[in-house]
Amino acid sequence: MKVMEYYDPKERCRGWLVYDGVGARLAAGGCRMDADLTQDTLKALAQRMTLKQRVLGLNVDGATCGIAYDPRGPHRREVLHRFMAFLRDELRTRFSMGCDMGTRFGELEEIALELGIGSPKAAIQAAQGIPADEFRRRMDLLRVPVGVLTLGRRRAGHVVGHAALQAAQQADLDPATMSVTLQGFGNLGRAAALALLDADVRVTAVGDAFGSIVDPHGLDLGRMLEIEQQRPVHTLLPSAMRLPRGGVLDLPTDVLILAAGEDALTPQQAAVLPAKAVVVGANCGLSPNVEQLLHDRGVLVVPGFIGGIGGSASMEALFGPVRTPTAPEVLDGVAAMTRELVHDVLDASRTRGISPRQVAFDIAACAVTDPGAPPYGKSPYRLRGPAPRGRRNAPAVLLQTSKGTA
């Protein structure tokens, strides 16, 4: 692990860039802004990013960066600008930066342009070995609307939604009659809701930090998605029944999606959670011991570093194909990779008698990086594509019978 440290001379706050591994041309991860941010937090996030790359079979190392400054502070943009200026050479050569808590991708793009870098993901161009105009053409697809949201805003939540659909299939649930509860309705939750809306799945409860709304017959997601994002969930549908904050976690449901906040369930809640499957989309949405508690109860759990692969999967779908894809093709590719991966992880978990988390760790442990190869284009999940049930060629590690440890 390699750490670069920064000190802001005006606001007197510290920042860091953490690389987890040096075996690939490219390292990818988010940029976080949080007054209480520590180097140890960033190290853990960089390791989690490595897991996301490895489970997909990408030739990319994990990384993350951040600065210990309040994102609501009066000088946040100036602080972020100086921090990115410090990282200029890394952004041009090795570090592909995305957004994280406290930052937005649009502002990262604006600052990168001001600094002459071009894009916070400029390092992809050199690592992938593509011309500048082709890189720009593909990156511009992130601004293309696909439905009511752009590709850039849909990609992470699209993974969460399709992870939920595949988990439901593994649990033998009928999409036409099953119910889904959604905890969180920010960028991630709204995009997941749009994927479920496209699949005609009934979402019966949605909650955020201010409260919850419930309708056993299914909430009007289309109307909710048309309303300005900053409004609390309980104001979106006046006719829906209201519950307090966190109330959705007590409701019986087939699939629970966790799309906001860390450690969303306590061990006590996990012991009685009335759900057949739980899909974690938020970073560190469940602690490992809570995941294990749910697994021991027979609840299917899609871990956060599977449900949270949207950024990594979208870059493979965007830059992996030889020809430039369309925005809908990128979403289709992300969905296919997600469904294949979730199928393999949950199927192997059942066959081997271990948790989905351990299966994913095993996949990641067997992945190999090649310093001489481009980062994108070789994911087995994109290259395999959808296969009929019973005719899949899963990675050999999924078929092992030894239990191992996480």
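Modeller: Ala, Val, Leu, Ile, Met, Phe, Trp, Tyr, Cys and Pro count as nonpolar, Asp, Glu, Lys and Arg as charged, and the others, Gly among them, as polar. Keep that for the pocket. This is a predicted model.

Biologist: How do I read a pocket?

Modeller: Rolling a probe the size of a water molecule over the atoms shows where empty space is left. Here, the second largest pocket holds about 310 Å³ of space.

Biologist: Which residues are closest to the centre of the second largest pocket?

Modeller: Gly57, Leu58, Val368, Lys378 and Pro380, out of 20 lining residues. Helix 1 (39–56), helix 15 (356–366) and helix 16 (380–384) each give two or more residues to this lining.

Biologist: How do the lining residues of that pocket divide?

Modeller: There are 14 nonpolar, three polar and three charged residues.

Biologist: Now the sheet. How do I read one?

Modeller: Strands of a sheet pair through backbone hydrogen bonds, either parallel or antiparallel. In this model, seven strands make an open sheet with mixed pairing. Their order is 11-10-9-8-12-13-14.

Biologist: Which strands stand at the edges?

Modeller: Strand 11 (241–243) and strand 14 (300–302). Each has a single partner strand, so one side of each is left without a neighbour in the sheet. From one strand to the next, the twist averages 20°.

Biologist: In what sense do strand 10 and strand 11 pair?

Modeller: Antiparallel, over three bridges; strand 10 covers residues 212–214. Find Ile213: opposite stands Arg242 in strand 11.

Biologist: Which strands does helix 7 lie across?

Modeller: Strand 12 (253–258), strand 13 (275–280) and strand 14. Helix 7 spans residues 151–170 and runs at about 150° to strand 13.

How values were computed
Residues numbered from 1 in each chain as written. Predicted model: local features only at pLDDT ≥ 70, side-chain atom pairs only at ≥ 80, totals over all residues. Heavy atoms only, no water. Pairing = 2+ DSSP bridges. Helix = DSSP H or I, 4+ residues; strand = E, 2+ residues; numbered from the N terminus. Axes fitted to C-alpha atoms, helices over the stretch in contact; angles between N-to-C directions. Contact = heavy atoms within 4.5 Å. 1 Å grid on protein atoms, 1.4 Å probe; cavity = no way out; pocket = protein on both sides within 12 Å on 5 of 7 lines; lining within 4 Å. Points joined across faces, edges and corners; volume = space filled by probe spheres on them.
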